[in-house]
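Dear colleague,

Please find below the structure I am handing over to you, with its sequence. My notes on it follow directly after.

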Amino acid sequence: MAQSTETTDWVSRFADEVIEESERRAPGKPVVVASGLSPSGPIHLGNLREVMTPHLVADEIRRRGHRVRHLISWDDYDRYRKVPAGVEGVDETWAEHIGKPLTSVPAPKGSPYPSWAEHFKATMVDSLAELGVEFDGISQTEQYTSGAYREQILHAIRHRGDIDAILDQYRTRKAPAKKQQKAVDEAELEAAEGSGAAAEDDGSTGSAGYFPYKPYCGNCEKDLTTVTVYDDDSTELTYACTACGFSETVRLSEFNRGKLVWKVDWPMRWAYEGVIFEPSGVDHSSPGSSFQVGGQIVGIFGGKQPIGPMYAFVGISGMAKMSSSRGGVPTPADALKIMEPQLLRWLYARRRPNQSFKVAFDQEIQRLYDEWDRLDAKVAEGTALPGDIAAHSRAVGTASGALPTTPRPLPYRTLASVADITGGHTDQALRILSDFDPAHPLASLDEARPRYDKAEAWITLHVPADQRTIVRTEPDETLLKSLDEQGRQSLRLLLDGLADHWSLDGLTHHVYGVPKVQAGFPADATPKELPAEIKTAQRSFFALLYHLLVGRDTGPRLPTLLLAVGQERVRRLLGE
Ligand SMILES: [Zn+2]
């Protein structure tokens with residue numbers, strides 16, 4: 001069992017508050033924290049904060065020895081609103097399902113899952129497992145269609161006048177969107193839908209007056225229904241479907257094919273599950289937001305509003321390539337293809353929920369990994385700061401133990417360069433990686449996995465072709481012939497010491513040393529002992545090497561590049 005980190009980072013402070021509140025509201029019961037996710041399409045990476053915020057708090061509570069449940073409410077009984085762009089196996093014919101529950105919409109073609117909701121839920125469930133997130137998943141389809149909420153539904157309908165009065169205080173204001181971050185195109189589309197989507201969240205006012213419950217049609221399964229008659233004593237309800245013309249009268253005390261409108265549904269579930277902590281997106285800080293209104297409605301169900309920090313949105317950098325082909329929806333699975341779960345957990349743990357940050361799919365990921373490795377080393381040495389130690393501890397494992405690690409965590413940028421240069425030839429990659437530290441060669445590439453696989457995926461999926469490294473097959477004879485004496489001498493010095501310095505550390509020392517030696521200084525002279533011009537000499541020397549090796553001004557770090565190209569080929573390309 002991992003120990004409590006006993007620090008005062010944001011996670012720890014929320015844990016204090018949540019434990020105290022839980023003991024006040026429900027003494028002796030497990031602490032309940034909650035997240036809600038809508039499997040209306042690929043679940044956006046931005047929505048991971050909806051899960052990670054309560055997860056980290058729940059994990060801290062568990063580390064302290066308390067019982068805790070992290071509920072993930074799958075909002076799979078929500079209506080299918082639109083056909084998301086760029087989803088494989090889906091065409092415009094899916095539009096005919098708009099208005100049905102997400103669990104009644106067919107999965108994309110070729111999916112092994114029985115419905116749209118199950119298909120998109122499955123990918124998220126896999127990602128959460130890889131991230132070490134323990135949770136109790138609750139399908140709202142199962143809850144509603146099994147009649148689990150029957151008493152709550154009847155109660156809400158009996159008190160529809162009170163609910164209507166609460167909602168009425170905000171009706172003149174612009175209604176906000178639902179709690180989750182949407183992909184940009186979806187948000188735009190919803191804005192364009194305007195009051196239609198907003199009214200749907202609120203509850204309809206038909207000939208039966210305000211009604212906080214909507215049946216799905218018994219004929220076409222769509223929610224384009226209007227309640228025309230309701231009798232409180234018998235619970236008999238008559239609805240008409242505007243989509244297919246179907247109409248029927250049912251008894252709500254035994255009918256299970258409909259749901260409370262979102263603004264009533266959410267607080268009902270807070271009360272039903274006894275939720276103590278549930279964060280939501282920043283759009284909920286406004287008056288009239290579902291969280292604010294829910295805080296008033298929850299009392300009707302005899303419950304209390306959870307502690308609910310607003311979290312800032314999480315941005316994505318470097319997804320241009322995917323945006324065009326995939327409808328601009330990076331998922332947690334996309335992030336986990338290119339980074340280990342520890343790194344992704346760390347991004348969430350180290351920032352307070354109200355701080356925004358970006359998940360890097362571009363070159364920034366290399367810098368992020370360097371930062372992570374430095375922190376890892378500091379923690380191992382015992383020199384890290386308390387807040388950093390806390391974030392590190394939350395990143396590397398949970399109360400259940402440490403997440404699987406890469407046995408030999410070589411620098412990500414090194415692995416990326418090797419994957420870039422070897423283009424999927426794993427035997428070559430193993431040879432090069434073994435040269436990095438000849439005293440401790442890799443017995444197998446598996447020792448560098450999964451980090452190696454993540455770096456390789458990043459190169460393949462996210463580095464544009466014009467930034468990939470292509471090692472020259474033939475020497476650049478024109479450039480070699482045009483070199484002056486100084487240029488030729490620098491190459492000779494490099495080649496003469498190559499064999500003796502053939503390791504990552506050795507070559508680092510050597511490539512920086514050549515310009516120093518040329519200028520008459522010892523190879524290990526420190527910057528303070530050297531004139532400023534040395535920097536210029538180093539820069540032109542490096543540019544020359546890049547041109548001769550890869551035909552460009554820049555490239556992967558030179559020691560890495562030299563090792564990756566291999567001694568024999570380096571000698572040939574440098575004109576020996
Ligand atoms: Zn219908």
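In what order do the 3 strands of the open sheet stand, and is their pairing parallel or antiparallel? In this predicted model, the order is β7-β8-β9, and the pairing is antiparallel. Because β7 and β9 stand at the edges and have a single partner strand each, one side of each is left without a neighbour in the sheet. From one strand to the next, the twist averages 20 degrees. The antiparallel pairing of β7 with β8 extends over 6 bridges. Tyrosine 230 stands opposite leucine 237, a residue of β8.

The second subject is the zinc ion. Its protein donors are the SG atoms of Cys217, Cys220, Cys241 and Cys244, which lie 2.3 Å from the ion. The angles among the 4 donor atoms run from 105 to 116 degrees, and the site is tetrahedral. For reference, the ideal angle for four tetrahedral donors is 109.5 degrees. Along the sequence, the donor residues follow the spacing C-x2-C-x20-C-x2-C. Cysteine 220 belongs to the loop between β6 (213–215) and β7 (225–231), and cysteine 244 to the loop between β8 (236–241) and β9 (247–251); the pair therefore ties together parts that are 24 residues apart in sequence.

Accessibility was also computed for these two cysteines. Cysteine 220 has a relative accessibility of 17% and so counts as buried, the limit for that class being under 20%. Cysteine 244, at 34% relative accessibility, counts as partly exposed.

With kind regards

Notes: Residues are numbered from 1 along each chain as its sequence is written. This is a predicted model: local features need pLDDT of at least 70, side-chain atom pairs count only at pLDDT 80 or more; totals for chains, interfaces and linings use all residues. Side-chain values use heavy atoms; hydrogens and water are left out. Donors are N, O and S atoms within 2.8 Å of the metal (3.2 Å for Na, K and Ca); water is not among the atoms, so sites may look incomplete. Four donors count as tetrahedral if all angles lie between 85 and 135 degrees; four count as square planar and six as octahedral if opposite donors are over 155 degrees apart and all others between 65 and 115; anything else is irregular. Helices (H or I, at least four residues) and strands (E, at least two) are DSSP runs, numbered from the N terminus. Buried means under 20% relative accessible area, exposed over 50%, partly exposed in between (1.4 Å probe, protein chains only). Two strands pair if DSSP finds at least two bridges between them. Axes are lines fitted to C-alpha atoms, for helices over the stretch in contact, and angles run from 0 to 180 degrees between N-to-C directions.
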